[in-house]
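Trainee: I am new to this structure and would like a close look at one part, the surroundings of the ligand. Could you take me through them step by step?

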Amino acid sequence: MADIESLLKETRVFKPGREFSRKANWNKKTISEYRKLGEKNPERFWKKMALENVSWFTKPKKSLEWKAPTAKWFADGRVNVSYNCLDRHIEGKNAWRKNKAAIIWEGEPGDTRVITYKQLHREVCKFANVLKSLGVKRGDRVALYMPLIPELAIAMLSCTRIGAPHSIVFGGFSSEALRDRLDDAGAKVVVTADGGYRRGAPLPLKPAVDAALEGSTSVEKVVVVGRSRASVPMRWQRDFWWDDLMKVASPDCPPAKLPAEHPLFILYTSGTTGKPKGILHTTGGYLTHVATTSKAIFDLKEDDTYWCTADIGWITGHSYVIYGILANGATTLMYEGVPTHPEPDRWWDIIERWGVTIFYTAPTAIRTFIRLGEEHPKKHDLSSLRLLGTVGEPINPEAWTWYNRVIGKKNCPIVDTWWQTETGGIMISPLPGAVSTKPGSATLPFPGINPEIYTEEGEPADPPSGGFLVVRRPWPGMLRGIWGDKKRFKETYWGNYPNTYFTGDGAHRDKEGYFWIMGRVDDVMNISGHRIGTMEVESALVSHETVAESAVVGRPDEITGTAIVAFVTPKAGTNVDATLKKTLTKHVAREIGPIAKPADIRFTEALPKTRSGKIMRRLLRDLAAGKETVGDTSTLEDLNVLARLRESDED
Ligand code: WTA
């Protein structure tokens, strides 16, 4: 609430610089035209974008076909994502780009690789042939469980080349989490690495794959990139080294001419149950959405060096490290490791050395750097920067102002971009040459996007009062389903209001129509910009032999936005002490991954419940936020006493 109140008090307005506006890809005139068209006829607007920003083998005549909740965009068009990200930059009028850097990569130990469009094209064609040789056919799922190395980009693009949907699993997820995702997607091949670098040491990945593949599995083959050179056991006829396969692969692989609605990828994200949802995206609409928003919001120009710090294991990495950026023929920078290795100035050093011009990161990272001190960015020449962006969670005005002053030198527009795994691309954001910004507000919808704020009853909320953020009309990058679960797709997103997409976020709008996102209104927590379901952590906890019951809530945290607090009722006879806390924390990391580790575990005799047996989450949230504390947390708290008090209060 404190954050929301501070946001509500924010009155500063930052106008776009004149010079920036004059040169912007989308100037004021274009934008006002597009806004008008987008409002009057979003389908026409998006079709125009599809034809302008995407190269088609067969141009679509159709735009949207909508039978709620099923959308088809440009369904009669034929297209290929890798063709749009590669081939069209090395042939025809753009052939001069062939030796332009597509990817600038820097490993954590300091090793670097620069891969031009032509080189990337060749590697992608070769790996596409490797996939074929391993039996991957159009429609087969390929899982990628990799560090942030160029081979990940190559593998993704190779999948798109042959129409094999990829499912990228963040390298920080545990083998358990990986197994669930491999099973759910029915993956045929896994691409991984021996390990990657994190905090100065190799972090192994292949052992997690081996553990995930024990027992019965759909996975037939595993490809292993040699990155850390750790010794890994290779299983005969199942596991192959990347280099060995690439040595003999042909560089000739024509792109598959896929229908626009062909599945492009599945990406798992947390929801309100213990089981992650496989969000399904398809080809033509998604590509149109990410290519168009990249061009307009990041203002990508031929001489830009663009850096988005997200891991490719998240949607931001899919859409705005790879697909949207390469579709525009721009140079994308990838950095493998942690921001503070070997010193707290690593990021600023990277910006200076490579002359980064556009920088896109998360508020949690900005807050970390505020804490580390201004002296680190100040050691570096950041004058190459011309545009800054943020994503993943609401940015508090203090962090916005610091970003503007210390990193942008008050000279760079900041685009605060609101969107989700499900939306595929950016939905609400400033257009940097035309929209004045207000710290903490994602400002206005992108042209052709129709968000609204609804009351519980489904009426538009009157500004400035808040409500539920919804999207009223389909858009091209929208999810097409939850893999294998039509019912959940309908219920989660389309069950609240007829024909209207429910985002799970709360928001309000000010009198100028600016959107202020207030965060999740469901049981999903946003930890450092990453989504973790409370139920996921709860089911991980109760899978431990000492736990009878658990309830997980978020509490505000200065750096990570939200921190996880678990209330745990141990089974009778369990010895409750500091070791148990450690054991359970480790257990959650093993079940899900280190990102889901509770910041605090509190043991209680019983969870506070209402008379009808519902866990009183609001009480737990208050407790977790430190509003009410009960004694020493290493002993068993009797929360039921509090619950009874609370209930008599509320009666
Ligand atoms: C939150 C990340 C405020 C929001 C692209 C959303 C934001 C969830 C912003 C999606 C923003 C993302 N301002 N909140 N600019 N961007 N969010 O799926 O709660 O990992 O629902 O996608 O992040 O997280 P996801």
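Mentor: Before we begin, please keep in mind that this is a predicted model. A good place to start is with the elements of secondary structure, since α12 (315-327), β20 (414-417) and β25 (515-520) each supply at least two residues of the shell around the ligand. In total, 17 residues surround the ligand, and the closest are D416, T417, T421, D505 and R531. Sorted by class, this shell has six nonpolar, six polar and five charged residues.

Let us turn to individual distances. A polar side-chain atom of T421, one of the closest residues, lies 2.5 Å from an oxygen atom of the ligand. For Q420, an N or O atom in the side chain is 2.9 Å from an oxygen atom of the ligand, and for R531 the distance between a side-chain N or O atom and a ligand oxygen atom is likewise given as 2.9 Å. On its own the ligand has 520 Å² of accessible area, and the protein covers 97% of that area.

From D505, which is among the closest residues to the ligand, we can move to G504, which lies in strand β24 (residues 501-509). G504 has a relative accessible area of 2%, which is under 20%, so this residue counts as buried. Leaving aside neighbours within four places in sequence, G504 is in contact with L469, G519, R520, V521 and D522. Finally, the C-alpha atoms of G504 and T272 are separated by 10.0 Å, although these two residues are 232 residues apart along the chain.

Terms used: Residues are numbered from 1 along each chain as its sequence is written. This is a predicted model: local features need pLDDT of at least 70, side-chain atom pairs count only at pLDDT 80 or more; totals for chains, interfaces and linings use all residues. Side-chain values use heavy atoms; hydrogens and water are left out. A residue is near a molecule or strand if one of its heavy atoms lies within 4 Å of it. A polar contact is a pair of N or O atoms within 3.5 Å; within protein, one must be able to donate a hydrogen and the other to accept it, and residues adjacent in sequence count only if both atoms are side-chain atoms. Accessible areas come from the Shrake-Rupley method with a 1.4 Å probe; for residues, only the protein chains shown count as cover. Helices (H or I, at least four residues) and strands (E, at least two) are DSSP runs, numbered from the N terminus. Ala, Val, Leu, Ile, Met, Phe, Trp, Tyr, Cys and Pro count as nonpolar, Asp, Glu, Lys and Arg as charged, and the others, Gly among them, as polar. Buried means under 20% relative accessible area, exposed over 50%, partly exposed in between (1.4 Å probe, protein chains only). Contact means heavy atoms within 4.5 Å.
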